[in-house]
Amino acid sequence: MDTINQVFALFRLNFHNQFYSAYSDTDLLNQVKRLWLDALAHFDREQILLGAKRVIETSDYLPTLNRMLQCCEACQNPAGLPSPRSAYLEACNAPSPKSAHHWSHPVVYHAGLATGWYLLAHEAETVSYPLFLDHYRRLCRELGKGRLLALPDPAGEATEKPPLSREVSRQRLAELKADLKLDE
């Protein structure tokens, strides 16, 4: 709670008139702080303060909770991790087999896998992006906590077998008929 109080103190200093206009009532301010506390609970103190600093540096207006989440995530994510939007586009446009694609980061593959490749390819962005974003954010948080994500081995996937010769196909068909007793 101390960190959230610090963030709102920074906002009060930097967005003075907007802050007092938005939070003229103490009860309202306390409700908003509780909401932010719940939403930002998975970030550590340093990430929240860095996120607030980033908001102040990049925004002309008092931020929304969504904007604060984005800034905290940007401070949390390791270098080389694409933005959620870039990751979504990469997951949607990756060719099959997905395991053979050269992913910008393993978290993109795992977020796409968790969302579902079919859904990403066939649903409207208004449906698929929020689902992907939830998985991507969750995986980024886990990555920040030390979880290791690996890409699947493309050589380990089952490859397509060559077609059977006519003679072998006829033999197997005869065996199936015999098993089902269809040749009587």
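**Exercise 1. Determine in which helix H122 is found, and whether H122 is buried or exposed in this predicted model.**

Solution.
1. Locate the residue: H122 is part of helix α8, which covers residues 117-122.
2. Consider its accessibility: the relative accessible area of H122 is 52%.
3. Apply the cut-off: a residue is exposed when this value is over 50%. H122 is therefore exposed.
4. Relate the residue to another part of the chain: C92 is 30 residues away from H122 in sequence, and their C-alpha atoms are 9.4 Å apart.

**Exercise 2. Identify the buried residues of helix α6, and establish how they are arranged around its axis.**

Solution.
1. Helix α6 spans residues 84-93, and its buried residues are A87, Y88, E90 and A91.
2. Viewed down the axis of α6, these buried residues fall within an arc of 165 degrees, so they line one face of the helix.
3. A general principle is useful here: an α-helix has 3.6 residues a turn, so residues three or four places apart point the same way.
4. As for the cover over the buried residues of α6, it includes α7 (106-115), α8 and α9 (125-144).

**Exercise 3. Find where P97 is placed, and describe the peptide bond that joins S96 and P97.**

Solution.
1. P97 lies in the loop between α6 and α7.
2. The bond joining S96 and P97 is a cis peptide bond, with omega at about -5 degrees.
3. For context, most peptide bonds are trans.

**Exercise 4. Decide whether E73 is buried or exposed, and name the residues that E73 touches.**

Solution.
1. E73 belongs to helix α5, which runs over residues 65-76.
2. Its relative accessibility is 9%. The cut-off for a buried residue is under 20%, so E73 counts as buried.
3. When residues up to four places away in sequence are not counted, E73 touches F43 and R137.
4. Of these, R137 is 64 residues from E73 in sequence, while the C-alpha atoms of the two are 7.8 Å apart in space.

**Exercise 5. State the place of H42, classify its accessibility, and list its contacts beyond four places in sequence.**

Solution.
1. H42 is situated in the loop between α3 (26-39) and α4 (45-58).
2. With a relative accessible area of 26%, H42 is partly exposed.
3. Once neighbours within four places in sequence are left aside, the contacts of H42 are L69, R141 and K145.
4. The C-alpha atoms of H42 and N5 are 17 Å apart, and these two residues are 37 positions apart in sequence.

**Exercise 6. Describe the chain as a whole: its elements, its extent, its burial and its charges.**

Solution.
1. Count the elements: the chain has 10 helices and zero strands.
2. Assess the spread: the radius of gyration of the chain is 26 Å, well over the 16 Å that the globule rule gives for 184 residues, so the chain is more spread out than a compact globule.
3. Take the principal axes: the C-alpha atoms fill a box of roughly 90 × 35 × 25 Å.
4. Consider burial and surface: 33% of the 184 residues count as buried. The accessible surface is about 11900 Å², with 53% of it belonging to carbon and sulfur atoms.
5. Examine the contacts: among those with a separation of 6 or more, 66% are between residues 24 or more positions apart.
6. Turn to the charges: there are 20 positive and 22 negative side chains, and the centres of the two sets are 1 Å apart.

Conventions:
Residues numbered from 1 in each chain as written. Predicted model: local features only at pLDDT ≥ 70, side-chain atom pairs only at ≥ 80, totals over all residues. Heavy atoms only, no water. Helix = DSSP H or I, 4+ residues; strand = E, 2+ residues; numbered from the N terminus. Rg over C-alpha atoms; globule rule 2.2 N^0.38 Å. Buried < 20%, exposed > 50% of the residue type's maximum accessible area, 1.4 Å probe, protein only. Contact = heavy atoms within 4.5 Å. Areas by Shrake-Rupley, 256 points an atom, 1.4 Å probe, with all protein chains shown as cover. Lys, Arg positive; Asp, Glu negative; His and termini not counted. Charge placed at Lys NZ, Arg CZ, Asp CG, Glu CD. Arc of directions from axis to C-beta.
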